[in-house]
Amino acid sequence: MEFEEFEAQVNAFHAERAGRQYPPGFQLFDSWTATDDDLAGVEAELGTQLPSKYKRFMRVFGGGVFSFVELLPAKSPDGRIEDLLSVNAGAYAVPNFVAVAPVGTGDWWGFVSENGVCRDQVSFLDHEDGSIRYDSDDFYEFASIKGLRMGR
């Protein structure tokens, strides 16, 4: 999926929900955007290049809540929230896998990294058996299906 198509989906999603009343404190998007420096720091620390579509998403839309999916921000906005480095450089880091979104059960969506470069495809990491399975062609498709629930 290309950025323009994905951006049109996001705009349609916003338009469809304009004027709806939500409970106090509820929000559909956190929008903790990343800077080029934030992303370069993550890449340097993890020793892998993140996919270009993912980096553009993080610069434009950011981490945190993205409607129906939660995305790790590149850098915690307050130091208390998990971010890309705290999850992927910590005790629970999985070699050759960059986790970007928790499933909520201990499993993760993320990118397989080979020779210092992450694949464009989003994969699913099963924490129980360590298996990694293909999920989506690229990050825009993943965010469209999981976050915006397009195509359902």
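Begin by selecting Asp-78, which is partly exposed in this predicted model, its relative accessible area being 38%. Keep Asp-78 in view and add Arg-80, since the two residues form a salt bridge in which the closest N and O atoms are 3.1 Å apart. Arg-80 itself counts as exposed, at 72% relative accessibility, so this pair joins an exposed residue to a partly exposed one, where exposed requires over 50%.

From this pair, turn to a set of linked residues by selecting Glu-2, Lys-53 and Asp-138 together, which salt bridges with shared partners join into one network. Within that selection, look at Lys-53 and Glu-2, whose salt bridge places the closest N and O atoms 3.9 Å apart. Colouring the helices helps at this stop: Lys-53 lies in helix 3, residues 52-60, whereas Glu-2 belongs to the segment before helix 1, residues 3-17, so the salt bridge ties together parts that are 51 residues apart in sequence. Lys-53 counts as partly exposed, with a relative accessibility of 21%, a value to set beside the cut-off of under 20% that defines buried.

Next, select Arg-20 and Glu-16, which form another salt bridge, here with the closest N and O atoms 3.7 Å apart. Arg-20 is partly exposed, and its relative accessible area is 44%.

To finish, display the whole structure again and place these stops in their wider setting, for a search of the entire model finds nine salt bridges, among them the pairs Arg-80 with Asp-78, Lys-53 with Glu-2 and Arg-20 with Glu-16.

Conventions
Residues are numbered from 1 along each chain as its sequence is written. This is a predicted model: local features need pLDDT of at least 70, side-chain atom pairs count only at pLDDT 80 or more; totals for chains, interfaces and linings use all residues. Side-chain values use heavy atoms; hydrogens and water are left out. A salt bridge is a side-chain nitrogen of Lys or Arg within 4 Å of a carboxyl oxygen of Asp or Glu. Helices (H or I, at least four residues) and strands (E, at least two) are DSSP runs, numbered from the N terminus. Buried means under 20% relative accessible area, exposed over 50%, partly exposed in between (1.4 Å probe, protein chains only).
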